[in-house]
Amino acid sequence: MLNFKQANQESDQKKAGAKKGVFVVDNKIQVSAQIEENVDLTKEIIGEEIAYRRGILSVRDLIAPSSLKVNPTFMQLGKKFLRTVFVVSYPRYIGVGWFAPIINLNYTFDISMFFYPVKSALILKQLKNRVGNLEAQIISDSDKGAPRDPLRETALRDIEYLRDSLTQGTEKFFQFALYVTIYSESAEELDRLSDQIEDIFGSRLVYSK
């Protein structure tokens, strides 16, 4: 005996399931369309942001000079002329505050100091060779009957003292570099300032280039 009521219920369930499947597919299509729309919108926003940032001045744009010209004896940075003077050698003794006259100059300049620590073993090896050369020169002069050389004898005593201090660990050896960069409005003024600074160095037996 056929149960028409049960058959109708099963038919209704199948139809509802089919409609539900169509609804799920429609939802997936809608979600996919929304994702594509969001991606396009994001790309558009990023493109506008890039164009906006290109039109804004950065810090590099603000501090960068308008031009740079390198000459054999100086550089021209925009409208400024500049030259760097560096110290080549120092005297055996130099007083405290010897650099004050340059610091107190009423000009625009930069001062750079660099300290490079050096291994004691390397310096001791170099000093040992230097001591051998000085002693050989002093003995050679003595054998020839030449008068004593105070400069060589003083250098020998200084080197021996430095060797003792480095060996005992009471002293450390550093390489030191000093640079002074001068700025001016014209090349003539730059030459005048450079000569003035080099004269101050020379008056204290500090040689510069």
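Helices (at least four residues) and strands (at least two) are DSSP runs, numbered from the N terminus. With that naming, the loop between helix H6 (187-203) and strand E6 (207-208) can be placed, and Leu205 lies in it. The model is a predicted one. Leu205 is a useful residue to start with. Its phi is positive, about 60°, although Leu205 is not a glycine. The relative accessibility of Leu205 is 48%, so this residue counts as partly exposed.

Now step back to the whole chain. There are six helices and six strands. Along the sequence they follow the pattern α-α-β-β-β-α-β-α-α-β-α-β. The chain has 209 residues, and buried residues make up 18% of them. Take the contacts with a separation of 6 or more. Of these, 73% are between residues 24 or more positions apart.

Turn to the strands, beginning with E2 and E3. Strand E2 covers residues 75-77 and is joined to E3 by three bridges. The two strands run antiparallel. Leu77 has Lys80 in E3 as its bridge partner. E2 and E3 form a hairpin with two residues between the strands. Gly78 in this hairpin takes a positive phi near 65°.

Follow E3 onward. This strand spans residues 80-89, and six bridges join it to strand E5, residues 174-184. E3 and E5 run antiparallel. Two facing pairs help to locate the contact on screen. Leu82 stands opposite Tyr183 in E5. Phe86 stands opposite Tyr179 in E5.

E3 also pairs with E6. That pairing is antiparallel and has two bridges. Here Ser89 stands opposite Tyr207 in E6. This brings the reader back to the start, since E6 is the strand that follows the loop of Leu205.

E5 has a further partner, strand E4. E4 runs from residue 109 to residue 117. E4 and E5 pair over nine bridges, in the antiparallel sense. Phe114 stands opposite Ala177 in E5.

Next come the helices H4 and H5. Two packed helices are described by the angle between their axes and the distance between the axes. Helix H4 holds residues 120-143, and helix H5 holds residues 150-168. They pack at an angle of about 150°, with their axes 10 Å apart. Angles over 145 degrees count as roughly antiparallel. H4 and H5 are therefore roughly antiparallel to each other. Their crossing is left-handed.

Which residues of H4 and H5 make the contact? From H4, they include Ile123, Leu124, Leu127, Val131, Leu134 and Ile138. From H5, they include Ala155, Leu156, Ile159, Leu162 and Leu166. Among the others are Lys128, Arg130 and Glu135 of H4, with Arg152, Glu153 and Arg163 of H5. By class, the contact has eleven nonpolar, three polar and eight charged residues.

One glycine is worth finding in H4. Gly132 has its place in this helix. Is Gly132 buried or partly exposed? Its relative accessible area is 36%, and buried means under 20% while exposed means over 50%. Gly132 is therefore partly exposed. Now look from Gly132 to Leu156. The two residues are 24 positions apart along the chain, and their C-alpha atoms are separated by 9.4 Å. Leu156 is one of the H5 residues in the contact with H4.

Conventions: Residues are numbered from 1 along each chain as its sequence is written. This is a predicted model: local features need pLDDT of at least 70, side-chain atom pairs count only at pLDDT 80 or more; totals for chains, interfaces and linings use all residues. Side-chain values use heavy atoms; hydrogens and water are left out. Axes are lines fitted to C-alpha atoms, for helices over the stretch in contact, and angles run from 0 to 180 degrees between N-to-C directions. Angles under 35 degrees count as roughly parallel, over 145 as roughly antiparallel, 65 to 115 as roughly perpendicular and the rest as oblique. A crossing is left-handed if the near helix is turned anticlockwise from the far one by less than a right angle, and right-handed if clockwise. Contact means heavy atoms within 4.5 Å. Ala, Val, Leu, Ile, Met, Phe, Trp, Tyr, Cys and Pro count as nonpolar, Asp, Glu, Lys and Arg as charged, and the others, Gly among them, as polar. Buried means under 20% relative accessible area, exposed over 50%, partly exposed in between (1.4 Å probe, protein chains only). Two strands pair if DSSP finds at least two bridges between them.
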